[in-house]
Amino acid sequence: MSRALIKSVVFFLSLSAPLAYSQDSAEIVAQAEKSLLKIEIEDVGQGSGFVVDSSGIAITNVHVMAAAQNGKAIATFPDGKVCEITGSYLIDKARDIAVIQLKLNSLPTLAIAASQPRKGDEVLALGSPMGLSFTATRGIVSAIRSEEEMRRELDDPSISGTWIQVDAPLSPGNSGGPLINKNGELVAMSTRASFGQAQNLNFGISGADIRNAIDLAKGKPLISLMDGLGRIDMEEEKPESGEIVDRKKIPPAVIREYVDRGRQNFALLVKGLRRELGIQKEICRIMKLGRVQLELGEKIAREPTSGRYFYGSEGLKNITVTRQEVRVSELETMLRTIGKTPTNESLLALLWNFGPTVDLRDKGSVGFLSNAYVMRAITERDVIIDYYGGKYLLWVKDASGLSDGEPMTPVPVFVVGSKTLALETGESFAVTILYSLVESELRQAIFGSEDSAVATQSPQSPVSEQQSTLRKWRDKTGKFEIEATLVNQDATKVVLKKADGSVITVPVDKLCESDRKFLQTK
């Protein structure tokens, strides 16, 4: 599939080292490519496949064909020949193998290797990555993985079969394409890949599993796409809420570890925060100089070399710059009030805005994530982000209003690990998942509970019956509004408790004039 992030988009390999093949590699590709298919699903996307029987029987991934809900799929050969895909004989979801029938015969076929490749063997991958038809790329076999290993490592109990792991970056569209050895024989089919730090976790289902699928398909009736593959549901892991990530409770112990590291390194983190403020001011300055380019639509583009910003509209530019100005103002206020020694309140303010850097290789840890950019907000809580060239799926409390290309608000995150998930389109992908913390979780780790957090506030203004009433609070820009109860206040800040029970601290000078006047009456 080419229109979304998919788990089976592998084997777009480097061409930098020489091939140690028994024949000329160009001849190997030319011969094997005759059986290669570019598969296009009408109005949906595309993938790859290959012919295994001259009568028109071919192999591809189940997930490539699962989107053929209107019953229309087209196969194109390298010589330009085009034919319909009429149906399937076998659908093996656990191995992601579909045995399909083309509306053509007397076709060239791809032989399946008699034995599995060995670790270190060089392989060629054929397919249509990123829609680039009939591409040949190369890599080596990194490992042979059993279904037990795959189930454990990818946290997917549905996986079956033997898997060939290769050292490959990933490219959409190679799904279902063949991985061939030095003799031009199939050893695996491109099937699974991972994003983020797990970029070497790219897999193909083995040739042995494909041969077994072909044998099982013999003698079975042909099932039309409408009645077979078009009905396949590839969304087993999608939560009922409609979100991609089924956000679980973060273990309190790992949040406390983050707090302990912050407490021990408080002075160093304050110095780091001052540097961060300078960086954020410079980003704000560059954002203000950005140009509007209407052809971008509601997106933001940033030149990697110059750092210049381009916006799809004037309104988008104004929103983005305002958000950055608010971020700078928050950091300035915090640095003025944080002090030199860590109190519970100052530690909360610091670790919510700047903490020990996250190690995305450390599964089950909490750390601070900054300098990430929004690639795409998939749902109201799920965002694909770019972090120093790696792609991650981040759960956030609210993704509404996020634009492609804008800086992601820095936040502490919990590293869940790599999992295979599904998009509502039926496409699936493996990715490193992160949960952003909510402030109440961090507050509880510092104070012990929300109630004790309130109790530790300055006793200057005890809560009265009048203060316990919910009211709307606005910032001085007029763009942000929350409904909350006034819990406590002093000369520099107010403590507010929202209807959901979460407690937040807001600097007084960030509030609108009417809110500041209201506080003067208390």
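In what order do the 3 strands of the open sheet stand? In this predicted model, the order is 14-16-15, and the pairing is mixed. Strand 14 (291-292) and strand 15 (300-302) occupy the edges with a single partner strand each, so one side of each has no neighbour in the sheet. Strand 15 and strand 16 (residues 309-311) run antiparallel and are joined by 3 bridges. Across this pairing, arginine 302 is positioned opposite tyrosine 309 of strand 16.

The sheet is associated with helix 7, which lies across strand 14, strand 15 and strand 16. Relative to strand 16, helix 7 runs at about 130°. Helix 7 comprises residues 314-337 and includes arginine 327.

Arginine 327 is buried but forms no salt bridge. For this residue, the nearest side chain of opposite charge is that of glutamate 330, at 4.6 Å, whereas a salt bridge is counted within 4 Å. When neighbours within four places in sequence are set aside, the contacts of arginine 327 are Gln280, Asn353, Phe368 and Pro410.

One of these contacts, Asn353, is also listed among the buried residues of helix 8. Helix 8 spans residues 344-353, and 7 of its 10 residues are buried, so the helix is largely enclosed by the rest of the structure. Besides Asn353, the buried positions of helix 8 are Glu345, Ser346, Leu347, Leu348, Leu350 and Leu351.

Methods: Residues are numbered from 1 along each chain as its sequence is written. This is a predicted model: local features need pLDDT of at least 70, side-chain atom pairs count only at pLDDT 80 or more; totals for chains, interfaces and linings use all residues. Side-chain values use heavy atoms; hydrogens and water are left out. Helices (H or I, at least four residues) and strands (E, at least two) are DSSP runs, numbered from the N terminus. Buried means under 20% relative accessible area, exposed over 50%, partly exposed in between (1.4 Å probe, protein chains only). Lys and Arg count as positive and Asp and Glu as negative; His and the chain ends are not counted. Contact means heavy atoms within 4.5 Å. Two strands pair if DSSP finds at least two bridges between them. Axes are lines fitted to C-alpha atoms, for helices over the stretch in contact, and angles run from 0 to 180 degrees between N-to-C directions.
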